[in-house]
Amino acid sequence: MMTRRLLQLFTGLAMYGISLAMFIRAGLGLDPWDVFHQGLANRTGLSIGVVVIVVSFLVLLLWIPLRQWPGFGTLCNAVLVGVFADVGLALIPAMSQAAGQFGLLGGAIVLNGIASACYIGARFGPGARDGLMTGLARRTGWSVRLSRTLIEVSVLAIGWLLGGSVGLGTVVYALAIGPLVHVLLPIFMVPAPMPKAAGDAQAAKASERCA
């Protein structure tokens with residue numbers, strides 16, 4: 001089970017970074033956080049992968065007043081998504097034809113949905129940005145939906161002002177990613193470990209049936 005969880009975690013994070021590169025190369029707009037990342041990259045001259053990593057660790061600092069601690073997957077997410085985003089940008093060419101742009105956008109959304117389901121389903125802890133959303137909801141009493149909306153509208157607005165790409169892809173991602181992850185997550189969700197007492201009881205029952 002641990003082997004599956006680790007494989008699923010690392011594969012999911014790699015696919016997430018590659019999907020970010022696909023969104024950028026499609027040139028039709030990014031999701032809210034990546035609009036922010038791209039805007040910062042444009043202003044600082046850093047690669048978007050480096051910006052993703054730096055922002056991830058800055059967001060983790062905001063977990064401290066929320067009394068929340070990162071898991072193994074949280075730290076892996078903070079590093080690997082940015083690394084694979086830069087790898088993807090080095091390998092994937094920009095698209096200038098509409099057919100290629102829309103094909104790349106569609107592939108990016110599907111890959112991002114699979115990636116999200118993989119790393120969430122591995123049960124190693126949320127990403128820095130997801131943890132900020134849930135931690136804020138827990139500490140303030142706001143709904144998760146309200147917390148997510150406030151955070152994503154804020155980073156989208158700041159990213160747009162910094163020159164990040166907002167467009168059709170931003171809207172399509174917002175509408176599609178929730179339902180897509182909802183469908184895919186049960187497929188990739190690793191079962192929670194069974195308590196030892198419950199496992200012993202089931203083993204005893206199985207032995208009785210076989211006797």
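User: How exposed is R123?

Analyst: R123 is partly exposed, because its relative accessible area is 40%. Keep in mind that this is a predicted model.

User: Where does R123 lie?

Analyst: R123 lies in the loop between α5 and α6.

User: What about its phi?

Analyst: R123 has a positive phi of about 60 degrees, although R123 is not a glycine.

User: What sign does phi usually have?

Analyst: Most residues other than glycine have a negative phi.

User: OK, R67 next. Where is the place of R67, and what is its phi?

Analyst: R67 sits in the loop between α3 and α4. R67 has a positive phi of about 55 degrees, and R67 is not a glycine.

User: Is R67 buried or exposed?

Analyst: R67 counts as exposed, because its relative accessibility is 63%. The cut-off for exposed is over 50%.

User: And G27? What phi does it take?

Analyst: G27 takes a positive phi of about 70 degrees. G27 comes just after α1.

User: Let's do helices. How many residues does α1 have, and how far does it reach?

Analyst: Helix α1 has 25 residues. From its first C-alpha to its last, α1 reaches 36 Å. That is close to the 36 Å expected at 1.5 Å a residue.

User: Q8 lies in α1. Buried or exposed?

Analyst: Q8 counts as buried, because its relative accessibility is 8%. The cut-off for buried is under 20%.

User: What is Q8 in contact with, leaving aside its neighbours within four places in sequence?

Analyst: Q8 is in contact with A117, C118, Y119, G121, A122, F188 and V190.

User: F188 is in α8, right? How do α1 and α8 cross?

Analyst: Yes, F188 is a residue of α8. The axes of α1 and α8 come within 15 Å and cross at roughly 165 degrees. So the two helices α1 and α8 are roughly antiparallel to each other. Their crossing is right-handed.

User: Which residues make the contact?

Analyst: From α1, the contact uses R4, Q8, Y16 and F23. From α8, the contact uses Y173, I187 and F188.

User: Tell me about α8 itself. How many residues does it have, and how far does it reach?

Analyst: Helix α8 covers residues 168–188, which is 21 residues. It reaches 29 Å from its first C-alpha to its last. The expected value at 1.5 Å a residue is 30 Å, so the two are close.

User: Where does α8 bend?

Analyst: α8 bends by about 35 degrees at A176. A proline, P179, follows within four residues.

User: How exposed is P179?

Analyst: P179 counts as partly exposed, because its relative accessibility is 48%.

User: How far apart are P179 and G113?

Analyst: P179 and G113 are 66 residues apart in sequence. In space, they are 9.0 Å apart, C-alpha to C-alpha.

User: Which residues of α8 are buried?

Analyst: The buried residues of α8 are G169, T170, Y173, I177, V181 and L184.

User: What do they pack against?

Analyst: The buried residues of α8 pack against α1, α5 (98–121) and α7 (144–161).

User: Residues three or four places apart in a helix, why do they point the same way?

Analyst: An α-helix has 3.6 residues a turn, so residues three or four places apart point the same way.

User: Switching to α3. What should it span?

Analyst: Helix α3 has 15 residues, 48–62, so it should span 21 Å at 1.5 Å a residue. Its end C-alpha atoms are 21 Å apart, which agrees.

User: Which residues are buried in α3?

Analyst: In α3, I48, G49, V51, V52, V55, S56, V59 and L60 are buried.

User: And what covers them?

Analyst: The cover includes α1, α2 (32–44), α4 (72–91) and α6 (128–140).

User: At what angle do α3 and α6 pack?

Analyst: α3 and α6 pack at about 25 degrees, with their axes 9 Å apart. That makes α3 roughly parallel to α6. The cut-off for roughly parallel is under 35 degrees. α3 passes α6 in a left-handed crossing.

User: Which residues make that contact?

Analyst: On α3, V52, V55, S56, V59, L60 and L62 make the contact. On α6, A128, R129 and L132 make the contact.

User: Last one, T134. Where does it lie, and how exposed is it?

Analyst: T134 lies in helix α6. T134 counts as partly exposed, because its relative accessibility is 33%.

Key. Residues numbered from 1 in each chain as written. Predicted model: local features only at pLDDT ≥ 70, side-chain atom pairs only at ≥ 80, totals over all residues. Heavy atoms only, no water. Bend = angle between axes of the 7 residues up to and from the residue. Buried < 20%, exposed > 50% of the residue type's maximum accessible area, 1.4 Å probe, protein only. Contact = heavy atoms within 4.5 Å. Axes fitted to C-alpha atoms, helices over the stretch in contact; angles between N-to-C directions. Parallel < 35°, antiparallel > 145°, perpendicular 65-115°, else oblique. Left-handed = near helix turned anticlockwise from the far one by under 90°.
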